[in-house]
Amino acid sequence: MPNNRKYNLTVSPDFKPDRIAGWYIFNTWLQKKTGLDIHLELYDNFEEQRSAIRNQQIDLIYANPFDTAMLVRELDFKALVKPADKADEAVIVCCEDNPANCIEDLREGCRIIATDDPDINMIGMRMIEPADLDDSNTTTTQVANYVVLAKRLISGDADIGFFLKEAYDDLTNITKRRLKVLVTSQISVIYHSVLAAPSLADQYESLSQALLNINTDAKGPGVLDALGIKGFEAMSEEDAEFMIDLMETLRD
Amino acid sequence: MDDMNPADIQGDMQEHTLNLYECGPRKVYTVDREIPFPEGKLIVSLTDTKGIITHANRAFVEMSGYEEDELIGQEHSILRHPDMPAAAFKGLWDDLAAGKKWHGYVKNLRKDGAYYWVYATVVANVRQGKVVGYTSVRRKPSRKKINECITLYKELKDAE
């Protein structure tokens, strides 16, 4: 049942810059489908977004898996849907002329370059463990996005970079030819999800149904195309809890 | 738990009898062949509160050498290798009961008698304030840590 409240939607800040328009298109579509007054608020980084979440300024979020534990277990957000066929995988990359050919070739003092994407950085740190590398014997430089990351890596500012696989795949062929993949994660069960705050409790069902049926809506395919998503799949409470437990095992 | 079947073993095998907690004796066969941990993957399983496997991901099935339906319903100790000292699992159940994470380096036994090393992390699945099971995630360990464990676990086994 539509109401007169205003709600805030936000999106994990790791979305690709060329998807900004897509999220506005999505929000317009969602408002029409649900009759809710929803404002899209985008944040430049995860810290700003987390602060807004903790200040109860967010009602609906396309959340990074790293933040799912806080949202679900601390703030009682409910998992509604997840994007179909879109798991978060990490790629560890070095410069093409780097003598390393696998993770075990990396040495203490390794210089890492990464964005502030928390789940990718966590997976990346776990994937360098076979070389006995961790926070204590590596240094990490943070950059604003994956394009800058690739440029800095090629310039020799770091030994390895942590990429979201989708972002690495989107680099130009010229850029990729100057880089070398050391390892790609194949985890399959870590993904972004749409979560709703308790303030939307009476709208959980209508929101879920709108998103699950987006493919059959006249304008739905265009919205999905703008987001780079194939569709949405139902996400149960236990699906969210399973992912949170799995993420917990990877935190250290 | 059923004994291992010698017909499943490939290569020169050694016979051992394990005394598994809550399962009693189990005859197992080992061969000296290590299977490398699959690059980029995690081995994931869920168990109930008694350690019975309720979910195994594809990497778990492939690395264990068993079929999925041979794993589901079995004790997690179906993977216990005779080189693992009891002390290596010391604290596992106490840590989990106290709501803590457990980490450890583990040599696992495959259906074909070969083995693979993992760095295992186990967390309790808490739902509505109650522990309803456990998630175990295994990732690739460093060779240096494996070598340290080979020495340490042999000393611990000799002292048993």
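**Chains A and B: contacts, charges and a cavity**

Modeller: Across the interface of chain B and chain A in this predicted model, the rule finds eight salt bridges.

Colleague: Why is the pair B:Arg139 and A:Glu129 called a salt bridge?

Modeller: The side chains of B:Arg139 and A:Glu129 come to 2.7 Å, N to O, and the rule asks for a side-chain nitrogen of Lys or Arg within 4 Å of a carboxyl oxygen of Asp or Glu, so the pair counts as a salt bridge. Side chains of opposite charge can pair when their charged atoms come close.

Colleague: Which elements give two or more residues to the side of chain B that touches chain A?

Modeller: They are strand S3 (43-47), strand S6 (115-127), strand S7 (130-139) and helix H4 (143-159) of chain B, and the largest share, five residues, comes from S6(B). By class, the residues on this side of chain B are seven nonpolar, eight polar and nine charged.

Colleague: How do you know how many residues of each chain are in contact?

Modeller: Contact means heavy atoms within 4.5 Å, and by that cut-off 24 residues of chain B are in contact with 23 residues of chain A. The rule for polar contacts also finds 14 residue pairs across this interface, both residues being at pLDDT 80 or more.

Colleague: What is the area buried between chain B and chain A, and what share of it do carbon and sulfur atoms give?

Modeller: The buried area is about 1900 Å², and carbon and sulfur atoms give 51% of that. The size of an interface is often given as the accessible area lost when the parts come together.

Colleague: What makes the pair A:Asp217 and A:Lys33 a salt bridge?

Modeller: The closest N and O atoms of A:Asp217 and A:Lys33 are 2.9 Å apart, which is within 4 Å, and therefore the pair meets the rule. This pair links distant parts of the chain, 184 residues apart, with A:Asp217 in the loop between helix H8 (204-212) and helix H9 (220-227) of chain A and A:Lys33 in helix H1 (residues 20-34) of chain A. Over all chains, a search of the whole structure finds 32 salt bridges.

Colleague: How many cavities of 30 Å³ or more does the structure hold, and which residues are closest to the centre of the largest cavity?

Modeller: The structure holds one such cavity, with about 170 Å³ of space in it. Of the 17 residues that line the largest cavity, the closest to its centre are A:Arg126, A:Met127, B:Gly40, B:Lys41 and B:Lys140. The lining has ten nonpolar, two polar and five charged residues, and helix H4 (residues 118-127) of chain A gives the most to it, with three residues.

Definitions and conventions:
Residues numbered from 1 in each chain as written. Chains lettered and ligands numbered in written order. Predicted model: local features only at pLDDT ≥ 70, side-chain atom pairs only at ≥ 80, totals over all residues. Heavy atoms only, no water. Buried area = accessible area lost by both parts, 1.4 Å probe. Polar contact = N/O pair within 3.5 Å; in protein donor to acceptor, adjacent residues only side chain to side chain. Helix = DSSP H or I, 4+ residues; strand = E, 2+ residues; numbered from the N terminus. Nonpolar A, V, L, I, M, F, W, Y, C, P; charged D, E, K, R; others polar. 1 Å grid on protein atoms, 1.4 Å probe; cavity = no way out; pocket = protein on both sides within 12 Å on 5 of 7 lines; lining within 4 Å. Points joined across faces, edges and corners; volume = space filled by probe spheres on them.
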